[in-house]
Amino acid sequence: MYTLAHLSDPHVSPLPRPRAAELAGKRVTGYLSWTFRRNAIHGGPVLDSLSADLQETAPDHIVVTGDIINISLPDEYTQAQTWLRGLGPPDRVTAIPGNHDAYVPMDWQNSIGLWADYMTGAPPGDAAQERPVRSDDDFPFVRVRGPLALVGVSTACPMPPFSAAGRIGERQLGELQRRLQDLGRDGMFRVVLIHHPPFDGPAQRRKGLHDSAAFRAVVAEAGAELVLHGHTHRSGLAKLPTPDGFAPVIGVPSASAKYAHDGRGHGQYHLYRIARDGNGWRIDVEVRGVVPTLDSFVREGQFSLAIPQ
Ligand SMILES: [Fe+2]
């Protein structure tokens, strides 16, 4: 039995005070959105309660599927690095970036590179040789933990103002297919981490994953056992066809949301208990959510899934 916690879209706050020059371009709209709307939802004590709950539930590993920060201010990356350190050591926590983590073009070393020890990957067939990703070109990364292969995909690339869309890109899709095929042959439980849900929606161009069809084609061809995403700030349960049957695709609301609003959920995270079951796998999923007083998390639901292999 291996226990994996999934949380997403923490949007770590308080937002550092930006300098005037830093608000040029896309950041100004994001800053206004944070000040007048998002701060009321995400700015608060929920992440502290979440950390305390994770101490209690003590999962073997924690994954964070992006939107760690808000408008990609330089100081937000160091603030989020401190938050990640508080969540756990890099070998027990895996992160991938979301669209808010690449809000505007940034120098890698002083932005997502500061979190790269939570994004280490090993080359094929050599799980012990993990090293931090050094640029967008090092995605997807693969970390092996117990029976799990955590496959971190990046959909984060700077987009025009008012766009929250994402893109994987052809190079990364090709590499993803090769890695999933290899890991499948090795009998690993493949967990694909991706910020944007891999589906098409009505606002696809503006906030969806532009190459979601290509991603689905990779999973249909190479297979996966579980796909975890964030971005929508809603709970989601869907499935994608694989050579062995299907892979569940599960989304979780923002970890820091104080209350449900506009169809989006209050702060939740998922605990996955994963075990071999005959020729396949069994996943028991526990949903944990923040209470109205915001000072603790409780079990809100559970369900089980049987995954063929
Ligand atoms: Fe997002």
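**Exercise 1. Work out whether Phe-162 is buried or exposed, and look at its backbone.**

Step 1: Start with the relative accessible area, which is 60% for Phe-162, so this residue is exposed. The cut-offs are under 20% for buried, over 50% for exposed and partly exposed in between, with a 1.4 Å probe and protein chains only.

Step 2: Check phi. Phe-162 comes out positive, at about 70°, although it is not a glycine.

Step 3: Place it. Phe-162 sits in the loop between β7 (148–152) and α4 (170–185). Helices here are DSSP runs of H or I with at least four residues, strands are runs of E with at least two, and both are numbered from the N terminus.

Before going on: this is a predicted model, where local features need pLDDT of at least 70, side-chain atom pairs count only at pLDDT 80 or more, and totals for chains, interfaces and linings use all residues. Residues are numbered from 1 along each chain as its sequence is written, and side-chain values use heavy atoms, with hydrogens and water left out.

**Exercise 2. Do the same for His-231: what is its phi, and is it buried or exposed?**

Step 1: Phi of His-231 is near 80°, again a positive value in a residue other than glycine.

Step 2: The loop in question runs between β9 (226–229) and β10 (236–242).

Step 3: His-231 has 14% relative accessibility, so it counts as buried.

**Exercise 3. Find where the cis peptide bonds before Pro-14 and Pro-140 fall.**

Step 1: Ser-13 to Pro-14 is cis, omega being near 5°. Pro-14 belongs to the loop between β1 (2–7) and α1 (27–42).

Step 2: Phe-139 and Pro-140 are also joined by a cis bond, with omega about 0°. For Pro-140, look in the loop between β5 (131–132) and β6 (141–145).

**Exercise 4. Decide whether the radius of gyration of the chain agrees with a compact globule.**

Step 1: Take the rule, 2.2 Å times the number of residues to the power 0.38, with the radius taken over C-alpha atoms.

Step 2: For 309 residues that gives a value near 19 Å; the chain has 18 Å, so the two agree.

Step 3: Add the context. The C-alpha atoms fill a box of roughly 55 × 40 × 40 Å along the principal axes, and 55% of the 309 residues are buried. The chain holds 6 helices and 14 strands.

Step 4: Finish with contacts (heavy atoms within 4.5 Å). Of those with a separation of 6 or more, 67% link residues 24 or more positions apart.
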